[in-house]
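Q: Hey, I'm new to this one. Can you walk me through it?

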Amino acid sequence: MGRQRIFSGVQPTGNLHLGNYLGAIRNWVEIQSQFDNFFCVVDLHAITVPHKPETLAQDTYAIAALYLACGIDLEYSTIFIQSHVSAHSELTWLLNCITPLNWLEDMIQFKEKALKQGENVGVGLLDYPVLMASDILLYQTDKVPVGEDQKQHLELTRDIVNRFNHFFAKPDQRVLKLPEPMIRQEGARVMSLTDGTKKMSKSDPSEMSRINLLDPPDEIAKKIKRCKTDPIRGLEFDNPERPESNNLLTLHMLLSGKTKEEVATECQEMGWGQFKPLLTDTVIEALKPIQDKYQAVMNDKSYLESVLRHGKHKAEAIANQTLTQVKAAMGYSMPL
Ligand code: TYM
């Protein structure tokens, strides 16, 4: 038996923040040696909200460089760009035709983002989860490591697999594999710095709400200095009345590598004035090696291009195989 396959991705919309790192990429790095991994920069998803053509390619490369900077190791993992493998778009069309509209209208992320866009909601935003399902299913993926906010999209992916196999697969022949979500409890939902009850998000209009992986030290210090706190002395985890305390302690715990008990004891008597500089140092120290490696990768464009070229070829070979099986199951004639 070969190793199980992992697939995951991040959109190249703006900078990556601590939520993306702690909810997703850090976990990919930790488990990669046990799996056969495909990590994709999902640039087709990035145009489901208004985007800037001038920066799309550059932003896409930056995310690929950040994957390497965070520790994705090419010995175990393949890095590629979604739009470089056309099977992603093609499978999306085929799956669109078997996905009920009301499944997509029920998606929480669609409802939230559609509200923000008013009358200009594009069809792509509604179809986003079918493209995500196609990403996962093309690689016959076993496990999908993501943050908590993607859980509903993974349930939809599983519903699509069951529906497809029900309509088109013969009993003895599996066409699409049923993937499992992999959501780690800690870090699965990093909250905003300006409101501990809201998810840290790229689309929050306030830059002060998130720490980006490439923020310089003075910016990190400024954001932590101004972040929301409460009037209580002594910090604690898991008190629902104190979401900011729980969120900031969790950041300190995950980025320092200390255990929950160690952090709880370290900070139980601290006031915010004492804790904030401590958290600032922890964040700056944890992000420094990532930022240094990112600069090194971005300075060697030909290396990054060769990684992505290799990734595309490897991904394409697997994706095209699945696509051919799907088309055959649906009754298509094969190209002559
Ligand atoms: P994106 O770019 O919005 O988010 C990338 C990853 O970061 C996680 N995440 C968070 N985790 C914890 N706390 C937060 N505040 C936080 N914000 C974001 C997300 O859960 C995600 O794992 N639709 C996906 C991209 C995608 C994908 C895929 C993922 C496209 N195709 C196939 C897996 C498999 C997304 O939202 O990306």
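**Helix H2 and the ligand**

Q: What should the 18 residues of helix H2 span, and what do the end C-alpha atoms say?
A: At 1.5 Å a residue, helix H2 (residues 53–70) should span 26 Å, and its end C-alpha atoms are 26 Å apart, so the two agree. The expected span is 1.5 Å times one less than the number of residues, and helices are DSSP runs of H or I with at least four residues, strands runs of E with at least two, numbered from the N terminus.

Q: Anything I should know about the model?
A: This is a predicted model, where local features need pLDDT of at least 70, side-chain atom pairs count only at pLDDT 80 or more, and totals for chains, interfaces and linings use all residues. Residues are numbered from 1 along each chain as its sequence is written, and side-chain values use heavy atoms, leaving out hydrogens and water.

Q: Ok, what comes right after H2?
A: Gly 71, with a positive phi near 115°.

Q: New topic: which residues come nearest the ligand?
A: Of the 28 residues around the ligand (a heavy atom within 4 Å), Tyr 128, Asp 135, Asp 149, Gln 150 and Val 190 come nearest.

Q: How far is a polar side-chain atom of Asp 149 from an oxygen atom of the ligand?
A: That distance is 2.4 Å. Also, a ligand nitrogen atom is 2.9 Å from a polar backbone atom of Met 200.

Q: Which elements give two or more residues to the shell around the ligand?
A: E1, H1 and helix H6 (123–138).

Terms used:
A polar contact is a pair of N or O atoms within 3.5 Å; within protein, one must be able to donate a hydrogen and the other to accept it, and residues adjacent in sequence count only if both atoms are side-chain atoms.
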